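Work through the exercises below with the sequence and the coordinates at hand. Each task is followed by a stepwise solution.

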Amino acid sequence: MNTGVKITAFAAALAATFGTAYGVGKGVGPVDEPKKAEHGGHAEAAPKGEGAAEGHAGHAEGAASAPAAGGLQVSEGGYTLALDTPTPAVGRSTLKFAIKDAAGKKVTAFTTEHGKELHFIVASRDLTVFRHLHPVKAVDGTWTVDADLPAAGAYKAFADFKPADKGAKGAKGVTLGVDLSVPGAYAPKPMPPVNPTADVDGYQVRLGGTLDPGKAGELRLTVTKAGKPVTNLEPYLGAYGHLVALREGDLAYLHVHPNEGGPGPDVSFTATAPSSGTYRLFLDFQHEGKVRTAAFTVRAGGAGTALPAPSEAGHDAGHDAGAHAHG
């Protein structure tokens with residue numbers, strides 16, 4: 001199945017079409033410098049029948065233009081991510097935060113996207129810990145969520161949301177980022193090496209394609225289990241996959257657009273990177289009632305950044321099983 005998605009940068013928003021939202025993806029290549037953020041860096045692969053245009057709000061359409069960076073600011077577009085618990089303890093901690101408007105008031109009205117009013121992501125600065133969380137909002141606009149933070153050190157939290165529509169044009173998506181610090185002895189881990197495959201909980205996910213700075217490229221993730229293609233991925237928040245990309249160093253958040261597609265074994269996207277550099281890609285997918293996350297290290301820009309194309313065996317097997325939906 002092919003599910004296309006475009007990645008937007010998440011810096012002043014995020015980088016690599018990782019603007020100010022959230023996303024999904026596959027192959028990887030070079031990336032450009034982050035610019036203005038519009039939507040967060042997370043995208044979703046749409047279930048069969050859902051169009052790519054229905055990605056996250058605030059996505060800048062058109063792969064030709066250079067993506068903006070997002071998620072690098074705590075305040076943007078008149079909104080601020082106010083974190084009440086900036087120094088949580090190691091282990092399971094409760095995080096509380098609010099989105100405040102330009103007047104300092106807590107925002108209580110949001111537009112539901114992909115089943116949620118707000119998507120909350122926490123990642124360690126060394127990009128070895130990733131959490132896609134689903135906070136609960138109180139009547140007064142305070143959000144609460146439990147997070148498992150396994151080690152002391154520096155983390156960053158991202159809030160990806162779309163305020164309630166105002167006016168004829170409606171509101172745009174916003175992705176904000178704020179630092180977290182978990183007290184204790186901190187020893188950052190090295191970035192995992194570049195590898196086109198990731199093993200998670202008995203599944204193998206293969207990433208193929210290229211991510212190039214300022215140039216659209218196809219990314220495709222192929223999910224197999226015990227050597228057989230998984231052709232019955234289950235919708236998770238209305239999509240067959242969610243991809244978040246974070247740039248090493250500043251943690252610019254990359255945004256991805258989903259294309260129409262089916263339940264596996266392939267989840268594909270069209271992505272444009274905002275700058276050269278090293279990125280970590282995190283793919284959430286659901287199968288047999290459980291969500292799993294496959295992570296990849298990708299280098300964008302320079303020589304040797306192209307990943308090998310997925311084997312055709314996986315595609316053929318998917319078609320033979322009759323589970324490949326028209327993408």
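**Exercise 1.** In this predicted model, state whether Phe110 and Phe161 are buried or exposed.

Solution. Step 1: the criterion for a buried residue is a relative accessible area under 20%. Step 2: Phe161 has 2% relative accessibility, so Phe161 counts as buried. Step 3: Phe110 is buried as well.

**Exercise 2.** Classify the ring pair of Phe110 and Phe161, and locate both residues in the chain.

Solution. Step 1: the ring centres of Phe110 and Phe161 are 5.7 Å apart, and centres within 6.5 Å make a pair. Step 2: the ring planes stand at 85 degrees, so the pair is edge-to-face, the class for planes over 60 degrees apart. Step 3: Phe110 lies in the loop between β5 (91-100) and β6 (118-124), while Phe161 belongs to strand β10. The two residues are 51 apart, and their pair links distant parts of the chain.

**Exercise 3.** Repeat the analysis for Tyr79 and Phe161, then place both residues in their aromatic cluster.

Solution. Step 1: by the same kind of ring criterion, the count comes to 8 aromatic pairs. Step 2: for Tyr79 and Phe161 the centres are 5.9 Å apart and the planes at 80 degrees, so this pair is edge-to-face. Step 3: Tyr79 is in strand β4 (residues 79-83) and Phe161 in strand β10, so the pair ties together parts 82 residues apart in sequence. Step 4: Tyr79 has a relative accessible area of 14%, so Tyr79 is buried. Step 5: one aromatic cluster is formed by Tyr79, Phe97, Phe110, Phe120, Trp143 and Phe161.

**Exercise 4.** Give the strand order of the open sheet that contains β10, and identify its edge strands.

Solution. Step 1: the order of the 4 strands is β7-β6-β10-β11, and the pairing is antiparallel. Step 2: β7 (130-133) and β11 (174-182) each pair on one side only, which makes these two the edge strands. Step 3: from one strand to the next, the twist averages 20 degrees. Step 4: β10 (residues 153-161) is joined to β11 by 9 bridges. Step 5: Lys156 stands opposite Asp179 in β11.

**Exercise 5.** Describe the pairing of β19 with β20 and the turn between them.

Solution. Step 1: strand β19 (residues 277-287) and strand β20 (residues 290-300) run antiparallel and are joined by 11 bridges. Step 2: Tyr279 has Val298 in β20 opposite. Step 3: β19 and β20 form a hairpin with 2 residues between them. Step 4: Glu288 in the turn has a positive phi of about 55 degrees.

Note on methods: Residues numbered from 1 in each chain as written. Predicted model: local features only at pLDDT ≥ 70, side-chain atom pairs only at ≥ 80, totals over all residues. Heavy atoms only, no water. Pairing = 2+ DSSP bridges. Axes fitted to C-alpha atoms, helices over the stretch in contact; angles between N-to-C directions. Phe/Tyr/Trp six-rings, centres within 6.5 Å; stacked < 30°, edge-to-face > 60°. Buried < 20%, exposed > 50% of the residue type's maximum accessible area, 1.4 Å probe, protein only.
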